[in-house]
Amino acid sequence: MMSVDQFYRPLPDIGLFAKTRSGKDEVYKLLEKMGFSVKRVAFGDVMKERFFQTFPNIPKEPKPTKLQQVYGQAMRDIDPMVWIRPTMNRVQHHKNILTGAGILVPSYIYTDIRQPNEYQAVKDTGAFMVRIDCPEEIRVARMLKLGEEVTREVLDAPTEKYLESFEADFVIHNDGDRNKLAHEVTEMVYQIQQKRIGA
């Protein structure tokens with residue numbers, strides 16, 4: 001049986017991968033709500049910044065998913081590391097600032113791993129890798145509620161398919177019930193801490 005102190009040991013970095021609207025950011029928010037020192041990291045943040053700088057007249061809402069998928073992949077075709085390099089540099093810069101100030105470095109939660117090289121970049125940091133499974137009908141309902149485009153082309157984009165081959169240290173099942181999701185996240189933390197105690 002784990003003590004409260006053992007349960008709340010600092011978390012390692014965590015890599016989340018799942019299909020669109022599966023609840024990756026919700027998992028991050030739950031970890032934050034549980035009191036862990038965490039910081040969200042997303043490869044897509046850099047891509048979205050560059051996308052809207054390039055196309056300022058495209059509305060941000062509803063999310064232009066298809067256009068961003070096309071843009072993101074076109075840039076990767078030129079340089080496969082185009083979104084990974086600046087993202088990981090930002091993480092290192094953030095670590096350096098905190099370390100230099102004598103501040104405890106948080107656990108970095110990568111919330112949008114979709115590409116094989118993104119997966120590998122995060123895994124190489126020693127992160128705990130987590131897949132989130134969510135039924136397609138639930139994900140589609142969320143997309144429609146947000147006014148996002150829903151087509152087979154979007155749902156079956158290469159970025160949505162790569163992750164099916166990624167190995168996970170833990171799998172979270174999200175059926176849309178927030179209480180159940182919180183329980184799954186708690187179990188994930190328990191597994192992480194048990195693994196570290198036994199290491």
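Start at Tyr-71. In this predicted model, Tyr-71 is buried, because its relative accessible area is 12% and buried means under 20%. Its partner is Phe-55. The two rings form an edge-to-face aromatic pair, with centres 6.0 Å apart and 85° between the planes. Tyr-71 sits in helix α4, while Phe-55 sits in the loop between α3 (43-54) and α4 (65-78). The two residues are 16 apart in sequence, and the pair links distant parts of the chain. Phe-55 is partly exposed, with a relative accessible area of 35%. So one ring of the pair is buried, and the other is partly exposed.

Now widen the view. Phe-55 and Tyr-71 belong to one aromatic cluster, together with Phe-51, Phe-52 and Trp-83. One member of this cluster has a charged neighbour. Lys-60 lies over the face of Phe-52, at 5.4 Å from the ring centre.

How many aromatic pairs does the whole structure hold? A search finds 9. One of them joins Phe-17 and Tyr-119. This pair is edge-to-face too, at 5.7 Å centre to centre and with 80° between the planes. Phe-17 lies in strand β1 (residues 14-17) and Tyr-119 lies in helix α6 (residues 116-123). The pair therefore ties together parts that are 102 residues apart in sequence. Are these two rings buried or exposed? Phe-17 is buried, with a relative accessible area of 0%. Tyr-119 also counts as buried, at 7%.

Next, turn to the nonpolar cores. The largest has 23 residues. Ile-14, Leu-31, Ile-172, Val-185 and Met-188 have the most contacts inside this core. Which elements build it? At least two residues each come from β1, α2 (24-33), β4 (128-133), β5 (170-173) and α10 (178-198). Helix α10 gives the most, with 5 residues.

Look at Met-188 in detail. Set aside its neighbours within four places in sequence. Met-188 is then in contact with Ile-14, Leu-31, Phe-128, Val-130, Phe-170 and Ile-172. Of these partners, Ile-14, Leu-31 and Ile-172 are again among the residues with the most contacts inside the largest core.

Apart from this core lies another, of 16 residues. Its members include Phe-17, Leu-98, Tyr-110 and Ala-127. Phe-17 brings us back to an earlier stop: this residue of the second core is also the one that pairs with Tyr-119.

Technical notes. Residues numbered from 1 in each chain as written. Predicted model: local features only at pLDDT ≥ 70, side-chain atom pairs only at ≥ 80, totals over all residues. Heavy atoms only, no water. Phe/Tyr/Trp six-rings, centres within 6.5 Å; stacked < 30°, edge-to-face > 60°. Helix = DSSP H or I, 4+ residues; strand = E, 2+ residues; numbered from the N terminus. Buried < 20%, exposed > 50% of the residue type's maximum accessible area, 1.4 Å probe, protein only. Lys NZ or Arg CZ within 6 Å of the ring centre and 35° of its normal. Core = buried A, V, L, I, M, F, W, Y, C linked by side-chain atoms within 4.5 Å. Contact = heavy atoms within 4.5 Å.
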